[in-house]
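Please open the model in your viewer and keep the selection panel at hand, as this tour moves step by step through one chain and pauses at a boundary between two of its parts.

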Amino acid sequence: MTTPLRAPREIAAPGNGGVGDSPLRPDGTLKVRGEFAYSSDLWIEGMLWGATLRSPHPRARIVSMDIGLALAMNGVHAVLTHDDVPGRKHYGLDLTWDQPVLAIGEVRHQGEPIALVAADHPEIARRALKAIAIEWEVLEPLTDARRAAFDPTYPQVQERPNPARYQPVRFGDVESVRDRAEVVVTGTYEVGIQDQAFLGPESGLAVPREDGGLDLYVATQWMHNDLKQIGPCLGLTDEQIHMTLSGVGGAFGGREDLSMQIHAGMLALRTGRPIKIVYNREESFFGHVHRHPAEMRYEYGATRDGRILYADVEILLDGGAYTSATLNVVGNAASLGVGPYAIPNVKIDTYGVYTNNPPCGAMRGFGAVQACFAYESMMDKLGAACGIDPVTIRQINAASQGTPLATGQIIWAPLPMAEMLEQARRLPMPAPLDASDIRNLPGGASQTTHGEGVRRGVGYGVGLKNICFSEGYDDYSTARVRLEVIGGVATALVHTAAAEVGQGLVTVEAQIARTELGIEHVVIHPADNGVDSAGSSSASRQTYMTGGAVKTACEAVRQELFARVPGGHTDLSLVGGKIVSESMGVLAAIEDVLGEDAIEETRRFHHHPTTGMDKRTGQGDTHAQLGLCVHRAVVDVDVELGLVKVVELAAVQDVGKIINRLSLEGQIHGGTAQGLGLAVMEEIVVRDGKVRNPSFTDYLIPTILDMPPMRLEILENADPRAPYGLRGAGEPPTLSSTPAVVAAIRDATGLDLTRVPVRPEHLTE
Amino acid sequence: MKAGTPGAVPIQGGTDVMVEINFDVHRPAALLDLNQVPELFTWERIDGSYRVGAGVPYVQIIAELGHELPGLAQAARTVGSPQIRNRGTVGGNLGAASPAGDSHPPLLAGDAIIEVASAAGTRMIPAHEFYLGVKKSALRPDELIRAFWMKPADGPQYFSKVGTRNAMVIAVCSFAVALHPSERRVGTGIGSAAPTPRRALEAEAFLAESLDWEARMDPEVLRRFGELVAAAASPIDDVRGTADYRRHALAVMARRTLTWAWNDYRKVRAA
């Protein structure tokens, strides 16, 4: 057997819907029934189980390590350390190569991988890990992000110096208008560490091939970027690794960094046996990066009538021990530090630092999420200081098409923010509290109130997110489309390396192929590296980028098909499986023109080019696209106990063009829920560099009783640069729901609330 | 069997034991599967008391004993998810003896008695003598929990639990109150705010002395009751909440639950 059980196969896309329809997704029913094959379900005969020894300390030297006892255990096939890494000893995103595959003489965060074991059974592997003896020299962890950024005497965390990135933004001249401000408001805001909390833990299978290479089956977000790191570390060329995306149980950025890929590869190459690695829930909390915690200091000066004259901002982001996505997180926070507001004078200083706190990197909306909580809190504060309501103060300062961002980049596409706010304000309010069912009340079935102490509040939030990669990065996507007659019916095979992480991408790919080729039957090839890169399933970019690539490849197939129609027609289109001439009507069925042939075209799709941020001023046309979402939150707060029930979240979002309404609404619901989680419950609690709640018992994510029904208003103002005019949609709602919920809690309680997640004790102190 | 292998961990629903095994917290020498003992799955009424087998799951307590043991049924409703309530049992809660177990406060407030059995015979342990320390109970290594005994509610009972999520949450702290009008007495139980579940004894004594069972609730009595309940706790700061917040929340829950119970009691008398 060379193919594992439950490995991905070609799937026929269900339904017959094209662009704008909502065909069902192929994985939906399977997931609901518990039958979907996730990467943790892979199995192959003769496989061994890999396991990872991790550091209990956030900062320590490894004085000595003895693997002898572990290696001698029955059923143990290999025990590997950094000495056994075949190639480069470090990996890392963005060519930083600063993260050891396995710790080399020291550890820099709790949970850092130190050694690997391959054994016949996971329980034997677990015991072997316990048998590895390490003599530690435990050091005081470096956990003070502020000192890491500003104190030159603070010890260095790793070889790369602090800060990992400092990015200033200078627009206009803050000093020149400081004196003219009639109203000045200041605030210091904090965002705790949020986790992606995907349900499918890191897992996969590495199968050694006879030619010395590897077949890798993993759940990831961007396999080609994985390969750029895996190959050099394993001492293999790209051609020697065949990578297949396996069932991904959620990602949200947490799979941009490598987890078990190189480790499983090392064990497979060493033992010559297939290696399966599956993290458990606790290990998963240490197996991926989290959202950067942030400390943010804001000062806005404005006229008495609410017009902002200047913004003076400092944003401090703690990335933990290694670079991961910190450079880009800093870029987003810096460029979007004051959000979608037209502020004539802006000074933003953004720092990303190394510490021994938990490693942080990509998570849905990164950089922009943290800043959004601060700038939206500031808008409410400014409104209150000027006696202007939250919607109006935002409308007064709203950016729009043609106005510049803080980076000087002119907003080129429609951005009807003021109108969207008006729309949000005018939505009908939810019904008043019905206290007859305790599940409607804060505390729910836990019966903390029968209505006593409950006050209602309303708040607004607006978030602006860059879509696709920014700062000059060409994150192209590739698609291969093959049109042939199968069983008498014209069928398109769509092949990309794009990661379906649960967002519904493969459904959208099929819709686009149907629309562009005028057919119904579409088959999706498993995502693998048999085709060039599709870029990452992040930055809300796949419908835009891989959708764009599929569209472009389909257009090329269409042109080739038309070239085979005799008569040199120039007015052809594909409709209902037929080749149609505008002047002469139906000419032929696609099947008749194709015959036994297949037409296969591979195309690369690029977004509009962007520039970097100037190192001193942050100026530049840095973003490829912008997505905007407005939230209105209505909450009931038990002000005596500090418990919150979000009653309703209404969202107004501009998506340019609705490709699949069902999936889109799912993205808005999900992004909103994740933002709600950050507002009121989700936090990795850290003390002295150690995680105190690595479990779903104590890292809480919203349940169905926490996430309220949503009212959605979806707008379609096309972005002229994007395929179909669409805008990425997954991240903007994650930004705006957090500040909207917190604003509503402030409205109910009258408290200042400068930190998320808001905890009950913050509301009762 | 338990006497022969005292290290064996009894398992019923597995909602606690299996989690600890999966996460490598405990690796017991043996598991003793109680699911093969049908007697544990039944409840019966004997001499005016309910004897509820240790294996009766929460879902059955909610469905079948909600009227007779309302405080416990309310607590059962707050346990985990529907799947957990299908499997989890009061017996398991007692076996784990976690201060955060949801059953404990209503068992304390309702004067439950725990029936434990061994090869040597049966012991009846009042709930308030059962909890000895963090996850330590009066259960001896050779004993198993057979059942708990509780009298049907002779007055209104309420359970209230603070968590930072509106469902599926472990208690930050919890409180149960049970009015015993025939004895002119109020029972209490505090959860997750001390090394063990415990009664607020001074608060109970205060009510026994100060409560006028013929009158409306005196706000001053209510306030003092809340204070005494909070004072009865010895909470800690942990990842789920601070000690100060727990004391504060207990006072609020104590006042609210007593008010609800009192209003019910007055309504019944008025009717």
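Begin by colouring domain 2 of chain A and domain 3 of chain A separately in this predicted model, and look at where they meet, for between them they bury about 1,400 Å², of which 64% lies on carbon and sulfur atoms. Next, select Cys468(A), Pro723(A) and Tyr724(A), which together supply 37% of the area that domain 2 of chain A buries against domain 3 of chain A, more than any other three residues.

To set the colours, use the domain assignment of chain A, in which domain 2 covers 290-470 + 612-764, domain 3 covers 477-605, and domain 1 covers 40-140 + 201-248 + 255-286. If you then widen the selection to the whole contact, you will have 21 residues from domain 2 of chain A and 17 residues from domain 3 of chain A.

Which kinds of polar pairing can be found across this boundary? The rule finds zero salt bridges across the interface of domain 2 of chain A and domain 3 of chain A, whereas five residue pairs, both at pLDDT 80 or more, are in polar contact between these domains.

Now show the cartoon and stay on the side of domain 2 of chain A that touches domain 3 of chain A, where strand S21 (454-467) and helix H16 (661-680) of chain A are the elements that give two or more residues. The largest share, three residues, comes from S21(A). Finally, colour this side of domain 2 of chain A by residue type, and its residues divide into eleven nonpolar, seven polar and three charged.

Key
Residues numbered from 1 in each chain as written. Chains lettered and ligands numbered in written order. Predicted model: local features only at pLDDT ≥ 70, side-chain atom pairs only at ≥ 80, totals over all residues. Heavy atoms only, no water. Domains from an automatic or database assignment. Contact = heavy atoms within 4.5 Å. Buried area = accessible area lost by both parts, 1.4 Å probe. Salt bridge = Lys/Arg side-chain N within 4 Å of Asp/Glu carboxyl O. Polar contact = N/O pair within 3.5 Å; in protein donor to acceptor, adjacent residues only side chain to side chain. Helix = DSSP H or I, 4+ residues; strand = E, 2+ residues; numbered from the N terminus. Nonpolar A, V, L, I, M, F, W, Y, C, P; charged D, E, K, R; others polar.
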